[in-house]
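Work through the exercises below with the sequence and the model open. Try each task before reading its solution.

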Amino acid sequence: MSERPVPPNDPAVRRLRRAQAALDRMLRALPAGKRARVGAFMAAKTMVSACVAYGLGQFVHPHEAFWAAISAIAVTQPHFGDTRGAGRDRVLGTAFGAVAGLLGLWVGGSGEFVAFAVALFGVTVASWTVSDGAAARVGGITTAIVMLVPAAGPRWEVAAYRLGEVVLGTLCALVVGWLVARLEDRVERDAGP
């Protein structure tokens with residue numbers, strides 16, 4: 001049984017947006033010390049995951065290891081569950097975008113406008129078909145990178161390396177996020193309300 005995508009004007013979506021806005025207001029209302037602790041943990045997660053991803057990326061693909069760091073930064077969120085969801089969206093979108101970009105190159109070649117447009121359309125439909133609209137944005141970016149950015153060597157390498165770098169960055173963000181979440185829970189429990 002497949003899930004139907006929820007339209008953006010659905011009452012449940014509107015309630016979730018209001019709840020998110022309320023949570024944002026609550027965070028802004030916290031005392032400065034508590035906000036500083038939350039910010040310090042977020043900074044630590046972001047810094048450590050990006051640096052580890054970049055360092056490991058240097059071994060895999062030194063000329064473009066920055067993509068692993070960018071992926072780690074992009075998926076790191078204040079809560080581990082949100083990091084996990086953002087990581088899923090990024091990996092799925094990159095995989096779809098890599099395939100769409102390669103198909104676009106096969107059909108029309110590098111920089112060919114119609115092939116690029118068709119590939120973007122395809123990656124967006126594929127993402128929404130699996131109920132992951134957030135992956136469509138990342139997929140479109142990856143499609144553009146594969147099809148439009150000049151590269152030396154075969155284009156399949158561009159797609160494969162991009163996917164590998166995104167997976168590496170996402171894994172680093174997940175591991176670091178999980179570890180820091182455990183530490184953050186302990187610190188917050190000891191700090192009290």
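The exercises cover salt bridges, an aromatic pair, nonpolar cores and cysteines in this predicted model.

**Exercise 1. Place Asp132 and describe its surroundings.**

Solution.
- Step 1: find the element. Asp132 sits in the loop between α5 (113-129) and α6 (133-148).
- Step 2: check accessibility. The relative accessible area of Asp132 is 7%. Buried means under 20%, so Asp132 is buried.
- Step 3: list contacts, leaving aside neighbours within four places in sequence. Asp132 is in contact with Arg88, Asp89, Leu92 and Ser127.

**Exercise 2. Find the salt bridges that Arg88 makes with Asp89 and with Asp132.**

Solution.
- Step 1: take Asp89. The side chains of Arg88 and Asp89 form a salt bridge, 3.2 Å from N to O. Asp89 is buried, at 14% relative accessible area.
- Step 2: take Asp132. Arg88 and Asp132 also meet through their side chains in a salt bridge, here at 3.8 Å, N to O. Arg88 lies in helix α4 (residues 80-108) and Asp132 in the loop between α5 and α6, 44 residues apart, and the pair links these distant parts of the chain.
- Step 3: apply the cut-off. A salt bridge needs a nitrogen-to-oxygen distance within 4 Å. The Arg88–Asp132 pair, at 3.8 Å, therefore qualifies.

**Exercise 3. Explain what the salt bridge between Glu64 and Arg162 joins.**

Solution.
- Step 1: give the geometry. The two side chains meet at 3.1 Å, N to O.
- Step 2: locate the partners. Glu64 is in the loop between α2 (32-60) and α3 (66-75), and Arg162 is in helix α7 (residues 155-191), so the bridge ties together parts that are 98 residues apart in sequence.
- Step 3: compare accessibility. Glu64 is partly exposed at 26%, whereas Arg162 is buried at 5%.
- Step 4: widen the view. A network of salt bridges links Glu64, Arg162 and Glu165. The whole structure holds four salt bridges.

**Exercise 4. Classify the one aromatic pair.**

Solution.
- Step 1: choose the descriptors. A pair of aromatic rings is described by the distance of the centres and the angle of the planes.
- Step 2: read both values. Phe66 and Trp67 are 5.2 Å apart, centre to centre, with 40° between the planes.
- Step 3: classify. Under 30 degrees counts as stacked and over 60 as edge-to-face, so this pair is tilted.
- Step 4: check exposure. Phe66 is partly exposed, with a relative accessible area of 36%.

**Exercise 5. Describe the largest nonpolar core.**

Solution.
- Step 1: find its hubs. The core has 13 residues, and Val146 and Met147 touch the most other members.
- Step 2: assign helices. At least two residues come from each of α4, α5, α6 and α7. The top contributor is α5, with four residues.
- Step 3: inspect Val146. Not counting residues up to four places away in sequence, Val146 touches Ala98, Gly101, Leu102, Leu105, Arg155, Val158 and Ala159.
- Step 4: look elsewhere. Another core, of eight residues, lies apart from the largest one and includes Ala68, Val75, Ala86 and Ala173.

**Exercise 6. Why are Cys51 and Cys172 not bonded?**

Solution.
- Step 1: count disulfides. The whole structure has zero.
- Step 2: check the distance. The cysteine sulfur closest to that of Cys172 is in Cys51, 10 Å away, which is too far for a bond.
- Step 3: check accessibility. Cys172 is buried, at 8% relative accessibility.

Definitions and conventions. Residues numbered from 1 in each chain as written. Predicted model: local features only at pLDDT ≥ 70, side-chain atom pairs only at ≥ 80, totals over all residues. Heavy atoms only, no water. Buried < 20%, exposed > 50% of the residue type's maximum accessible area, 1.4 Å probe, protein only. Contact = heavy atoms within 4.5 Å. Phe/Tyr/Trp six-rings, centres within 6.5 Å; stacked < 30°, edge-to-face > 60°. Core = buried A, V, L, I, M, F, W, Y, C linked by side-chain atoms within 4.5 Å. Disulfide = S-S within 2.5 Å.
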